[in-house]
Amino acid sequence: MKTYRQGPETNRIKLRSMTADDAGAFFALNSHPDVMRYTGEQPLKSVEEARSAIERYPDFDTYGYGRWACVLKETQAVIGFCGLKYLEDLEAVDLGYRFLPEYWGQGLATEASHASVRFGFETLNLDRIIGLVLPDNTASIRVLEKVGMRLDGEITLDGQQALQYSVRRPS
Ligand SMILES: CC(C)(COP(=O)(O)OP(=O)(O)OC[C@H]1O[C@@H](n2cnc3c(N)ncnc32)[C@H](O)[C@@H]1OP(=O)(O)O)[C@@H](O)C(=O)NCCC(=O)NCCS
């Protein structure tokens, strides 16, 4: 199995797997109430917890791919994460992303998501990629639509009603 710790690059962003050095940025992201609002996850409590989550992250070794850190090329700052994750329960590959609020509204999530979806189809040879989102998360729904996803229907996710979107590999 090939492992893709280096992801695609876009005009403004480089995607690569997280390292322990990203713990501060990962904590800032995953403890921010505005970022966590629609994720259904508990915010992280410390940089230590963030470091441990990064070090225990199994996806690259298990599947060869996972969520990547998004590095803004201009400043080298880690501004969020984006990428593909295999969901065993659904037997499907899911597109996910989170960005620090000061970087919202500049098309960065759309840019990183486009690159991730293209990578999934062209490099990983996937047939289909899904996106799961809470119905009130308008910005995220827009990102899914902008990468070509369409609504499949509702799904219960950790006890919450969510929407499932998907896109198929272009023929
Ligand atoms: C969802 C998120 C990644 C979007 O990031 P972003 O970089 O601001 O997104 P983009 O700039 O690429 O914008 C994508 C589209 O969403 C729209 N949008 C952005 N914020 C919006 C908001 N608050 N309400 C409605 N639309 C919004 C943009 O206008 C754009 O659509 P348009 O081109 O038609 O105008 C960001 O808000 C975030 O990190 N949220 C918290 C984490 C999260 O919820 N992740 C997804 C879980 S499913």
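Which residues are buried in helix H1 (residues 23-30)? I looked this up in a predicted model. I found Ala23, Phe26, Leu29 and Asn30 buried in H1.

**Entry: H1**

I then looked down the axis of H1. The buried residues fall within an arc of 125 degrees, so they line one face of the helix. That fits the general pattern: an α-helix has 3.6 residues a turn, so residues three or four places apart point the same way. Next I asked what the buried residues of H1 pack against. I noted helix H2 (33-36), helix H3 (47-56), strand E4 (78-87) and E5 as their partners.

**Entry: ligand**

I moved to the ligand and listed the 20 residues around it. Phe99, Gly105, Gly107, Thr110 and Lys146 come nearest. I sorted the shell by residue type and got 10 nonpolar, seven polar and three charged.

I checked polar atoms next. A polar side-chain atom of Lys146 sits 2.3 Å from a ligand oxygen. For Gly107, a polar backbone atom is 2.7 Å from an oxygen atom of the ligand. For Asn137, a polar side-chain atom lies 2.9 Å from a ligand oxygen. I also looked up burial of the ligand. Alone, the ligand exposes 940 Å², and the protein buries 72% of that.

Which elements give two or more residues to the shell around the ligand? I found strand E5 (92-99), helix H5 (108-122), strand E6 (128-133) and helix H6 (138-146). H6 contributes the largest share, six residues.

**Entry: H6**

H6 deserved its own entry. I found Ser140, Ile141, Val143 and Leu144 buried there. These residues cover an arc of only 155 degrees around the axis, which puts them on the same side of H6. On the other side of H6, I noted Thr138 and Ala139 as exposed. The buried residues of H6 pack against E5, H5, E6 and E8. After H6 comes Gly148, and I read a positive phi for it, near 95 degrees.

**Entry: Ser166**

I turned to E8. Ser166 is found in this strand, which spans residues 160-168. Is Ser166 buried or exposed? I noted a relative accessible area of 12%; that is under the 20% limit, so Ser166 counts as buried.

I then looked for polar partners of Ser166. Its side chain makes a polar contact of 3.0 Å with the side chain of Asp152. Leaving out residues up to four places away in sequence, I listed what Ser166 touches: Arg128, Ile129, Ile130, Gly148, Met149, Arg150 and Asp152. Gly148, the residue with positive phi after H6, is thus one of the contacts of Ser166.

Technical notes: Residues numbered from 1 in each chain as written. Predicted model: local features only at pLDDT ≥ 70, side-chain atom pairs only at ≥ 80, totals over all residues. Heavy atoms only, no water. Near = heavy atom within 4 Å. Polar contact = N/O pair within 3.5 Å; in protein donor to acceptor, adjacent residues only side chain to side chain. Areas by Shrake-Rupley, 256 points an atom, 1.4 Å probe, with all protein chains shown as cover. Helix = DSSP H or I, 4+ residues; strand = E, 2+ residues; numbered from the N terminus. Nonpolar A, V, L, I, M, F, W, Y, C, P; charged D, E, K, R; others polar. Buried < 20%, exposed > 50% of the residue type's maximum accessible area, 1.4 Å probe, protein only. Arc of directions from axis to C-beta. Contact = heavy atoms within 4.5 Å.
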